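Student: Could you take me on a close look at one part of this model, the largest pocket, and then show me what sits around it?

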Amino acid sequence: SAYEGDQRVNSFTVSTGTSLHPTVLGQYRVYVKLTATDMSGPGYYLPDVPYTMYFYRGYALHGTYWHSNFGTPMSHGCVNLQTSDSQWLFNFASVGTLVYVHP
């Protein structure tokens, strides 16, 4: 969910990390925003991942074009959003925006 103060202004169905690659929990801040970036790791390479906002080390909120199974853990730890939702969030948030990841 996205908030302005204590008012929720939007919410999204996302996919987070699997049990093998969990998403970190806690409070973080967006430290960089990239309109598109390549992502890779063991067994995957994803070019031009859209609307990426890193919030802790290699963990990010970003658009997802390689699956549409939102609501199910699917990632290597990132928070996957539909690309349109990711674009909205990218335009809404700024560097320094609080990201609260909770179970």
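Tutor: Here is a walk through the pocket, followed by the strands and aromatic rings that go with the picture. Keep in mind that the model is predicted.

Let's start with the space itself. The largest pocket holds about 790 Å³, and 26 residues line it. Nearest its centre you'll find Ser1, Leu61, Val99, Tyr100 and Val101. Four elements each put at least two residues into the lining: strand E1 (2-4), strand E7 (79-82), helix H1 (83-92) and strand E8 (98-101). Of these, E8 gives the most, with four residues. As for chemistry, the lining counts 19 nonpolar, six polar and one charged residues.

For contrast, have a look at the second largest pocket, with about 260 Å³ of space. Strand E4 (32-41), strand E5 (44-56) and strand E6 (59-64) are the elements giving two or more residues to that lining. There are 17 lining residues in this second pocket, and Tyr44, Ser75, His76, Gly77 and Cys78 lie nearest its centre. By class, you get nine nonpolar, eight polar and no charged residues there.

Back to E1, one of the elements lining the largest pocket. E1 runs antiparallel to strand E2 (residues 7-10), with three bridges joining the two. Glutamate 4 has glutamine 7 in E2 as its bridge partner. The two strands form a hairpin with two residues between them, and glycine 5 in the turn has a positive phi of about 65 degrees.

Helix H1, another contributor to that lining, brings us to the rings. A search of the whole structure turns up eight aromatic pairs. In one of them, phenylalanine 12 and tryptophan 88 have ring centres 5.8 Å apart and planes at 55 degrees, so the pair counts as tilted. This pair ties together distant parts of the chain: phenylalanine 12 sits in the loop between E2 and strand E3 (26-29), while tryptophan 88 is in helix H1, 76 residues apart. Phenylalanine 12 is buried, at 17% relative accessible area, whereas tryptophan 88 is partly exposed at 31%.

Tyrosine 65 and tryptophan 66 make another pair: their ring centres are 4.9 Å apart with planes at 90 degrees, so this one is edge-to-face. Both partners are partly exposed, tyrosine 65 at 42% and tryptophan 66 at 31%. Elsewhere, ring pairs link Tyr28, Phe55, Tyr56 and Tyr59 into a cluster.

One last contact for your list: lysine 33 lies over the face of phenylalanine 90, 4.4 Å from the ring centre.

Conventions. Residues are numbered from 1 along each chain as its sequence is written. This is a predicted model: local features need pLDDT of at least 70, side-chain atom pairs count only at pLDDT 80 or more; totals for chains, interfaces and linings use all residues. Side-chain values use heavy atoms; hydrogens and water are left out. On a 1 Å grid over the protein atoms alone, a cavity is a set of points where a 1.4 Å probe fits but cannot get out, and a pocket is an open set with protein on both sides within 12 Å along at least five of seven lines; lining residues have an atom within 4 Å of a point. Grid points are joined across faces, edges and corners, and a volume is the space filled by probe spheres set on the points. Ala, Val, Leu, Ile, Met, Phe, Trp, Tyr, Cys and Pro count as nonpolar, Asp, Glu, Lys and Arg as charged, and the others, Gly among them, as polar. Two strands pair if DSSP finds at least two bridges between them. Rings of Phe, Tyr and Trp (its six-membered ring) pair if their centres lie within 6.5 Å; planes under 30 degrees apart count as stacked, over 60 as edge-to-face and the rest as tilted. Buried means under 20% relative accessible area, exposed over 50%, partly exposed in between (1.4 Å probe, protein chains only). A charge sits over a ring if NZ of Lys or CZ of Arg is within 6 Å of the ring centre and within 35 degrees of the ring normal.
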